[in-house]
Amino acid sequence: MRLFCACAVLLLSLTALGNARADEDLRPLVDALGGGNFRETAGAVADLAATGNPAAAPVLELLRAGDLYTRRSDGVVVRGARAGRDIALSDVFTGEELETVGRREARQIRVNNSLRRDIDAALGQLTLLSPDPRVRAGAAQAMFNARDSAALPLLEEAIAREEEPEIMERLILARAAIQALHGESDSVRLEAIDEIAQRGDREASALLATVARDAPPAVTEAAEAGIAAIERRLALWNMAQNVVFGLSLGSVLLLAAIGLAITFGVMGVINMAHGEMVMLGAYTTFVVQEIIRTSAPWLFDWSLLIALPLAFLVAGAVGVAIERGVIRFLYGRPLETLLATWGLSLILQQAVRTIFGPTNRQVGTPDWMTGSIELGGLSLAMNRVVIILFALAVFAALIVFLRRSRFGLHMRAVTQNRAMASSMGIRTNWVDALTFGLGSGIAGIAGVALSQIDNVSPNLGQAYIIDSFMVVVFGGVGNLWGTLVGAMTLGVANKLMEPWAGAVLAKIFVLVFIILFIQKRPRGLFALKGRAVDA
Amino acid sequence: MWLTRHIGPAGWTFLFVLAVVATAVPYANQLLPPDHPWHASSYVVGLLGKYLTFALLALSVDLIWGYCGILSLGHGAFFALGGYAMGMYLMRQIGDRGVYADPLLPDFMVFLNWQELPWYWYGFDSFLFAMLMVMLVPGLLAFLFGWFAFRSRVTGVYLSIITQAMTYALMLAFFRNDMGFGGNNGLTDFKDILGFDLQSDATRCALFVASAAALGLGFMLARAVTGSTFGKVLVAIRDAESRTRFLGYRVDHYKLAAFTLSAMMAGVAGALYVPQVGIINPGEFAPANSIEIVVWVAVGGRGTLIGAALGAVVVNYAKTVFTGTFPEYWLFFLGGLFVFVTLFMPRGILGVADDLRRRFRRPSAPSARPADQPAE
Amino acid sequence: MNRPAILAAATGLLMASTALHSAYAQETIKVGILHSLSGTMAISETTLKDVMLMLIEQQNEEGGVLGMQLEPVVVDPASDWPLFAEKARELIEVEGVAATFGTWTSVSRKSVLPVFEELNGLLFYPVQYEGEESSRNVFYTGAAPNQQAIPAVDYLMEVEGVERWVLEGTDYVYPRTTNKILEAYLKSHGVADEDISINYTPFGHADWQTRVSFIKDFGAEGKKTAVVSTINGDANVPFYKELAAQGVAASDIPVVAFSVGEEELAGLDTAPLVGHLAAWNYFMSVDTDANYDFIDTWLEFIGDEERVTNDPMEAHYIGFNMWVKAVEKAGTTDPDAVIDAIIGVSVPNLSGGYSAMMPNHHITKPVLIGEIQDDGQFAIVYETPGLVVGDAWSDYLEGSKDLIADWRAPMSCGNFNVATGTCGGSGS
Amino acid sequence: MAYPPTTDAILYLDGVSVSFDGFKALNALSFLIDPGELRAIIGPNGAGKTTMMDVVTGKTRPDGGTVLFEGKVDLTRQDEAAIAGLGIGRKFQKPTVFEHHSVFDNLLLALKGNRSPYRTLFARLGRDDRGRIDEILGIIRLGHVREEPAGALSHGQKQWLEIGMLLAQDPKLLLVDEPAAGMTDAETAETATLLKEIAQSHSVVVVEHDMAFVRELGCRVTVLHEGSVLAEGSLDQVSADHRVIEVYLGR
C-alpha cells in the first residue's frame, strides 16, 4: 500500500499494455502469493498492486475468491477448481488447463479478513479507472472502506474523469472519508466532515465516530455534532424500520397461514400436516435448484420462478392425495382430523428425512433478491421486499380466484351448504379434494419463499404450524381478510415489542394477547355474526 | 362409599389388574434374583412407572375431552407444572451435595452467579408444601384460564388453539434462564426423595407403587365424577351445550370444575413422572407433547377412562419398542398408527374390543346405541 | 378377551421380552450409540451415528477389540431429553454395552449423567460444551470453553483489532456460560462495559431482522466490532441469511461462531458469508494425510460425495480410538479398568498431532480458527502453536475457579476445591 | 332508569329490537303474556319468532327494549342458566335431547333441583325424584324405553321426551317451538291435548306453523310479521284480518 501513489501513475501509463509480456513479468510476483503465511501473501498483494498492471486484477480476484492454489510438486501458483475430491488446475493468466490432481497435491492459498481488505483496496486502485461503471462503483466503495490517504491523488484523478453522477457521489464521499481522517488542516477536515454528515446514514455516523476518536478538539466537536444530527434523523426512522420489520414478519406469517386459512378456515380440517406442505414446497425448490445447478446453470436466476408452479403442484398433489385417502372419511369430525393429520405430518417428516437426509439443504438466493434498497433512513433487504410483495400477491390472487372463478363459486357453495350444492349438480367430493389441494398448494408456494430465509430441513414445517394456527384463529376462522390483518397485526406487534422486551418476551406477550383477545372475541377478529354461527 | 359407587365390573377388573401389576413388578424386581427369567430390571420398573404416570395423564385428558368435549391441546403444561413443583423439591433436597457445594442455591444458579434464592423457591424444601403446589399450581392456572375462557364461551377449535398458545407461551417462558427454573437444562441430577436414595431399586419400586396407586385413585375419582349427576351434566354439555344451559345449568361452572380437577390430576402425574425419569425441562411444555397425549386417548378410546389409560400404555410401549428396534423408521409406524386408528378404529382399541364382545354375545342384535361419535 | 386382560398381557410381554434380551450370552462387545435420529436434533446427530457405525466397521475389519467383534447398538432417543435417560438405561442394563458414544445437547448429557454414574457405564461425549462438569463415567472429547471461545476472542483482538463485542447466543446453558466466561475475560483485558452487548434469543429463532439491525447499529460507533455467536443449530441458517440480506460483511463486522461447522454451512449459500469465522478443533479443510484418509473413508461409507466432515465427528474418532486403546491396555471392557487405563492414553487426531486423555476426563486439542469460504468450507487462518488442555472448571467463573478435577487415585474427584481442600458436592 | 314499569304479566316485552348485520330480526316488538295463559304465536318465515324466543331465554341480547319476567326481573340482564333458574323452560324446534344419555337420565337432568356442580357431584337420587320421573315417563308414554339412549328414539318420541323434560323442569313459563313439526296427525292431536293439560298449571307460549294445530289449542293468537306484532286475538279474529291474509297469501 505504501506504493499506491506510484502505482496510480504507473497505472495510467500501463493501461493499454495488457500483453503477454506483462503477464510474464507478473509471474514471480504471483508465485510469491503462495508464501505460506498471511504477512507474506499481503506483501505479494501490495507488490502486485504496485505494478499497476491491470492483468494483476483478475489474479487478485481469484485470490480473494480462494481459487488460487500452490502446486505441491513445484510451488507454482495456479488456479484451481474443486471437482469432488480432485482439483482441476489451470494457468492463472491464460486459463489454460494444466492437469487434474488429487486434493493433497495442491494447497489452497488462504485469505483472511485483513488480507481480503488489502486485496479489496488494491483491486479498488487497479480498477478505479475501469471502463465498466459497475466495476468503478465497486472500486469507489473499496476506496471508501480503505480510507487510505495514499490513494488520494488517484481518487482526484478519478473524480476528474468520472461522468456517472452516482459513482461521482461515491468517489467524493470516499475522498471526504480520507480527508476527514487524514486531512492536512482542520479546515479541510471540517469540510469533509460536513460532506459526510450530509449523507446522514449509519455508515456516515460510524465514520464520524472514528474521526472523532483521535483528532484535535475542533474536529472532534464537528464530528460529534455531525453524529448527533445523524442520530436525530435516524431515531425518526427507527420506528418506521421496526414497522417494516413487522410487516416483513407479518408477510412470512401470512404466507405460512394463508393455505391453512383454506384447509382449516374454510374446510374445518385441523390440518397439522400443513407445515409439512410448506416443507415440501421448500424441498421442491431445493430439487429444482439442484437440477439447474447441474444441468442448466444459466437458469439459476429463474429457479424460484420455476419452482413456484412445481411446488404448488407437488404440495397440491400430496394435499389431494391426503384428502382422498384420509380426510374425506373424517368430515364432521374436525378434532379427529387433527389426530390423523398429526400422524401424516410425522410420516411426511420422516419420509423427507429418509429421502433427503436429516441435514439442512442449501437453497441459493438469485441475484435479483440480494442487496438492499435504501429508502430515506430505511434499509429494506431485497429478499424481504420480495417476500412482502409476494405474500400480498398470493393473497390477492387467491381472493380474486375465489371470487371470480367457477371453482371458487363451487367451493363457497359447498362450504355453505353441502346438500344444496350437491343437488345442484356440483361434484362436492371433487370440490373438497381440490379445495384441500389448493390450500396445500399455496402452502407449497409459501415453502418456496420461506426457503429464502429459513432452514430447509425436515423440521421446517414444525416451526410454522403453531404460528399459522394462531394467525388464522386470531383473524377469525373462515375469513381470508382476517388472516391478512391477523398476520400483519401479530407481525408488527411482535417487532415493535422486540427491541425493548427481547425476542422471547415479545413472543410470549403476543401469545398472551391472543389468549386474552379470544376471550373478548371468541371467534377472532373478523367473526361471522348472526344466527348462523350456532347452527 | 362415594368413590366406589360407579366403578362397575370393568372398572374393578382394571383396578384388580393394576393392583396385581403394582405387587408383581416390585416383587419381580426386589425378590427374584437377577438371572431369573421373570426378574424385572430397574429399567423395566422405571419404564412401567413412566407408563403409569402417562396413563394418569391420559385419564385426566379423557375426563374433559371424552366426557365434556373440551379438547385441551395444552394439558402437557399442567403435567409439566406438577413436574416442576416436584423437581423444585428434589432440587432443594440436594442441599450442599451439588457440584459447587452451595448449601442453598441449586447448581445452575451458582454457575449463573445468582446470589440468592428467588422468592418462589421458598417453601419447596418441605415435601408437604411441594405436594400442595403440585396440585395447586396447575389447578390455579387451569382455574384462571378456564374462568376466562369458559365464561366467554370460547369453545371447540378456538379453545383448543388457545390452550396450545398457553402451553407454548409457558414453554418459551421456562426456556428463559432468567426465569430461575434452569432454562433449557431444566432440573436434574436429583439425589433423594424424603431421604430415600432415588438411585436405589427400592425407592424406584416405591415410586412405581405410588404411581400405580395414584392411577388407581385417579381412576376411581374419575369414575365417581363421571358416574354422578355431575358427570351426566358434563356429557350433556359435550353433546348439546346450549340445551344444557337452557335447562338451567351453569355450563361454565361445570367446565371450570372439570378442567381444574383434570389439571390437578395431570399435575400429580407430572410430579410422579419427574423422580422416575430424573429430569424435568421445558420440553415437556412443547405443544407436540400435548397433542400426543390426546392421541393416546384417541388410540385407547375416548370417553371410557380405561381406554385412555390403555392407550397411553400401548402407544408408549410401541414407542419404546420401535425406537429401539427400528430407530430409522419408527415415526412411520407411529404416524401410520394414528392415521389407522382415526380411520378404522374411531372408538379406539376399547371400541374394537367392545364390538368384538358384542358380536360374540349377541351375533345379530341390532345396535341400540346412537351414532358412534358425539357431536363436537 | 376383556379389556384389562390386554393390559396384563402387554405388561407380561414387555417384562418377558426384556428378560429374554439380557439372557443372551456375550459373544461380541456391544457399543451403544445414543444419538437422536428424529426430532429437532436429528439434523446434527444422525451424522454422528453414521460416523460411529463407520468407525466400528473399520475396527472390526482390523480384527475388532480383544479378539472380539464390536456390535453397534443404535437407539433413537428422538430429541426427547427424558427419553435419553431411559435409552441410556436400556443400553447399559438391557443391552449390556461396554461403552456408549452419544448425546449432543447439554440437557441430554445432564439427563443421562445420573444413569451412567448409577450403572457405572462409560459415555463419550463428542460436542463442545460449557464445561463446569467432570464425571467419573463421562469422557469429554469435545472442546471446553478454553479450547474454543478464548482463543477465538484472542485472535479477534490481536489480528482484527476488535474493541467492541456483541455476544449473541441462544438462551441455554452453553451460551450463558460461555458468555459469562468471555465477559469476564474481555473485562480483564480492559474492554469497557458499554462495549459489550449480550443478548439471548430462543431456540429455533427464525426472524433475525431486529437483532441484525441492532448489530449493525452497535458496530457503527467507530470501534471495530465483532459478534461472538453461540447461536444453536436451527437458528443459525436464518441468522446468516439475514446477515447476508442486510449486507453485514465479514470485513466490517466479523462473526465468530462456536456452533457452526461444515454441516450447518451445507444448508447455506456461503458466498455472502465469506470471511465470517468459526473456532473449532478440527475443520474438514485440515491439510493432513490422516484427515484426507478419514474423509475418503467417510465418503466411501456414506456413499455421497457431497457430505462433509466436522468437529464432533473428529471428537468421536478420537474418543473411539482412545476407548479401543484403553480396552486393549486394560485387557478387559470392565468400566473400572477402562476408566483407570484411559487416562494418559494418547491417539492421533486428524490435524496432524496427538490428543491425550487428561485426568479431568477432558482431552488435549489444538484450536483452529477458520474463515468461511464460498464453497462451504473453512479456510484455517489461525492455529494455536501447541495443544490446549481442556479445562473442566473455568477460571473465569466465580463458583468454579477453585475447583479442579482429577480422576486418578488417590484424589478421584471431579470437583476438588483447592481452597478448602475437599472434594465438594456430589463427589461421585 | 325509566323502568321497571309495573305489570302483572308473567312475560312483558316492550319495544324489543334485534338486528343482525343490518337485518332487523325484531323491530320494536311488544306484547305480554298473562299468568296461566296459553298463547300461540304464528307468523311467516323470518317473522322473528325464534329470535323472540332467543331474546326471552337469554341466548340473544337485544339492541334495545324491555323484557320483564313476572313484572320484576329484567331478562336482558340474565344469562340462559339464570333465566332457566327463574322458571322459563324452552323446547326447541328441532328436538334436542341428550342422545348419549338414557331417557331416564334426560329427565333426571331436567328435574327441578339445585343445579350447582357441588350438589350434582354428591347428590343421590331420592325416592321423590324417582317417583316424579316415573310419573313423567307415564305422561309422555316412554316408560318402556326408559333405559334406552335417547339417540335411539324415533323423532316423535324425541319430541315427547323433550316435552317431558320441560315438565320435569316445572317452569312457570314454557316456550314451545313448533312442537308438532314432523308428527303424524294422531301424535299432533295428542300433543295439543298434552299442551292444554300443561297450560292448566303453567303459562305456555307456543310458536307454530300448523294452523290445524293452533286451532286445536283454541287459544289467543299473536301474529308476528317482520319483527313486530301484526295482529292479536282469537284465531278466527286474526284469520279475518286483511293484513294477516295479505302477509300469508299476498306473496
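1. In what order do the 7 strands of the open sheet in chain C run? The order is 7-6-8-9-10-14-15, and the pairing is mixed. The model is a predicted one, and the points below should be read with that in mind.

2. The edges of this chain C sheet are strand 7 (196–201) and strand 15 (378–383), each of which pairs on one side only. From one strand to the next, the twist averages 25 degrees.

3. At the strand 15 edge of chain C, the partner is strand 14 (residues 368–372), joined to strand 15 by 5 bridges. These two strands run antiparallel. Within this pairing, C:Ile372 stands opposite C:Phe378 of strand 15.

4. C:Phe378 also takes part in an aromatic pair, with C:Phe283 as its partner. The geometry is tilted, with 4.7 Å centre to centre and 35 degrees between the planes. The planes are thus neither under 30 degrees apart, as stacked rings would be, nor over 60, as edge-to-face rings would be. Both residues are buried: C:Phe283 and C:Phe378.

5. The C:Phe283 and C:Phe378 pair links distant parts of the chain, the two residues being 95 residues apart. C:Phe283 lies in the loop between strand 10 (277–280) and helix 10 (289–302) of chain C, whereas C:Phe378 belongs to strand 15.

6. Over all chains, the count of aromatic pairs comes to 58. In chain B, ring pairs link a cluster made up of B:Tyr84, B:Phe108, B:Trp119, B:Tyr120, B:Trp121, B:Phe174, B:Phe181 and B:Phe285.

7. Which residues touch the most other members of the largest nonpolar core? They are C:Trp165, C:Trp323 and D:Leu161, in a core of 433 residues. Helix 2 (residues 42–68) of chain B gives the most to this core, contributing 19 residues. A second core, separate from the largest one, has 35 residues, among them A:Leu128, A:Leu155, A:Leu171 and A:Ala212.

8. The surroundings of C:Trp323 can be listed. Leaving aside residues up to four places away in sequence, C:Trp323 touches C:Ile29, C:Val31, C:Leu70, C:Ala98, C:Ala99, C:Phe101, C:Leu122, C:Phe124, C:Val338 and C:Ile342.

9. Chain A is divided into three parts: domain 1 (23–45 + 54–107), domain 2 (128–215) and domain 3 (237–457). Taken over C-alpha atoms, the centres of domain 1 and domain 3 of chain A are separated by 46 Å.

Note on methods. Residues are numbered from 1 along each chain as its sequence is written. Chains are lettered from A and ligands numbered from 1 in the order in which they are written. This is a predicted model: local features need pLDDT of at least 70, side-chain atom pairs count only at pLDDT 80 or more; totals for chains, interfaces and linings use all residues. Side-chain values use heavy atoms; hydrogens and water are left out. A nonpolar core is a set of buried Ala, Val, Leu, Ile, Met, Phe, Trp, Tyr and Cys residues joined through side-chain atoms within 4.5 Å. Buried means under 20% relative accessible area, exposed over 50%, partly exposed in between (1.4 Å probe, protein chains only). Helices (H or I, at least four residues) and strands (E, at least two) are DSSP runs, numbered from the N terminus. Contact means heavy atoms within 4.5 Å. Two strands pair if DSSP finds at least two bridges between them. Axes are lines fitted to C-alpha atoms, for helices over the stretch in contact, and angles run from 0 to 180 degrees between N-to-C directions. Domain bounds come from an automatic or database domain assignment. Rings of Phe, Tyr and Trp (its six-membered ring) pair if their centres lie within 6.5 Å; planes under 30 degrees apart count as stacked, over 60 as edge-to-face and the rest as tilted.
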